[in-house]
Every structure is written in C-alpha cells, then in structure tokens.
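Visitor: I have a fold to look at and a few labels I'd like explained. Could you walk me through them?

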Amino acid sequence: MKTAMDIMEKEVISITPETDITRAVEILLNNHINGVPVVDGDGMLKGILCQSDLIFQQKNISLPPILTFLDGIIPLSSSKKLEQEMKKIAASTVAQAMVVDPVTVTPDTPVSDIAALMVEKHFHTIPVVQDGKVVGIVGKEDVLKTLINP
C-alpha cells in the first residue's frame with residue numbers, strides 16, 4: 001500500500017507569515033501550484049495559503065441581514081464572521097490570509113486516506129508533517145499519478 005512518503009513532493013516551496021500577498025501570488029503562479037505551506041524560521045508549519053484564499057480577496061462583502069424593531073437594530077448573523085471576512089479581503093501579508101492549523105498528514109498516511117480527505121473536504125494540497133515540521137506536500141496531481149504508475 002502506497003503512503004504519503006511514496007508520492008509526496010519532498011522539495012517543498014514554502015513561505016513565511018510575513019510574506020507579502022503579492023509575492024505569495026507570484027510564487028503560486030510561477031510554480032504552477034495551488035497551495036503553499038506557511039512556515040516559521042525553523043520549518044514549523046504555521047498555516048497554508050491556497051489560491052482560493054487569495055481569490056477570496058476579490059469577493060464582494062456581503063452585509064449581514066438586520067432586523068429593525070422599535071428603533072433598534074438587531075443583526076441576524078454574527079458580526080464576527082463579517083469582521084473575519086473584512087480582514088481576509090484586506091490582507092496584505094500571508095498571516096492575514098492563510099488558513100491557520102491546516103489539515104495535515106504524516107509520511108505513513110495511506111494514499112487512500114489522502115484521497116478521501118481531498119474528495120470529502122475539497123482539499124487540493126495537503127502538507128506532510130512530522131514532529132511539526134513540513135517534510136513534504138501532496139497535491140491532487142500526486143494522487144492521480146498513482147493511477148498510471150501503480
């Protein structure tokens with residue numbers, strides 16, 4: 001049975017939380033990758049930044065519905081969600097746009113489990129982590145290659 005170790009990309013392109021959003025976009029586009037792990041100076045995983053996190057910045061802000069009653073305004077949804085959306089849309093550094101505490105796998109995770117995560121959770125890129133450090137990354141393309149190279 002194949003594992004993450006067998007299919008992962010070992011030479012991982014990564015960025016830091018302080019990386020400018022513009023630079024992060026260039027890295028994703030120039031390397032034709034969907035996502036990139038965000039690591040600190042010691043290589044410890046801090047988050048992941050995917051194309052969808054950056055595309056989010058182009059989204060229009062949806063104002064929460066409100067109810068007016070006796071000259072009072074009652075929000076019908078969480079103002080915290082609106083605040084989080086605003087921060088992500090206005091992000092200028094990776095730390096402001098990345099997904100904190102991303103789903104990861106270990107080198108011995110079976111490919112079938114990785115495929116299930118990708119399908120069920122709609123992930124395109126999953127970091128491979130050992131002792132908190134990024135040791136590889138698995139993308140959908142890596143899983144697809146197992147179909148032609150059994």
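What follows is a short chat about charges and surface.

Guide: This is a predicted model, with pLDDT of at least 70 needed for local features and 80 or more for side-chain atom pairs, while totals for chains, interfaces and linings use all residues. Residues are numbered from 1 along each chain as its sequence is written, and side-chain values use heavy atoms, without hydrogens or water.

Visitor: Why is the pair glutamate 26 and arginine 23 called a salt bridge?

Guide: The term asks for a side-chain nitrogen of Lys or Arg within 4 Å of a carboxyl oxygen of Asp or Glu. Here N to O is 3.3 Å, so the pair qualifies. Both residues sit in helix 2 (residues 21-30), three residues apart, about one turn of the helix.

Visitor: What makes lysine 46 and aspartate 40 a salt bridge?

Guide: Their N to O distance is 3.8 Å, so that cut-off is met too. The structure holds two salt bridges.

Visitor: What about aspartate 142, in helix 7?

Guide: Aspartate 142 is buried and has no salt bridge; lysine 145, the nearest side chain of opposite charge, is 4.4 Å away. A polar atom of the aspartate 142 side chain does lie 2.8 Å from the backbone nitrogen of glycine 139.

Visitor: Why is leucine 147 called exposed?

Guide: Exposed means over 50% relative accessible area, buried under 20%, and partly exposed in between (1.4 Å probe, protein chains only). Leucine 147 has 66%, so exposed is the word.

Visitor: Why does glutamate 26 count as partly exposed?

Guide: Because its relative accessibility is 37%.

Terms used:
Lys and Arg count as positive and Asp and Glu as negative; His and the chain ends are not counted. A polar contact is a pair of N or O atoms within 3.5 Å; within protein, one must be able to donate a hydrogen and the other to accept it, and residues adjacent in sequence count only if both atoms are side-chain atoms. Helices (H or I, at least four residues) and strands (E, at least two) are DSSP runs, numbered from the N terminus.
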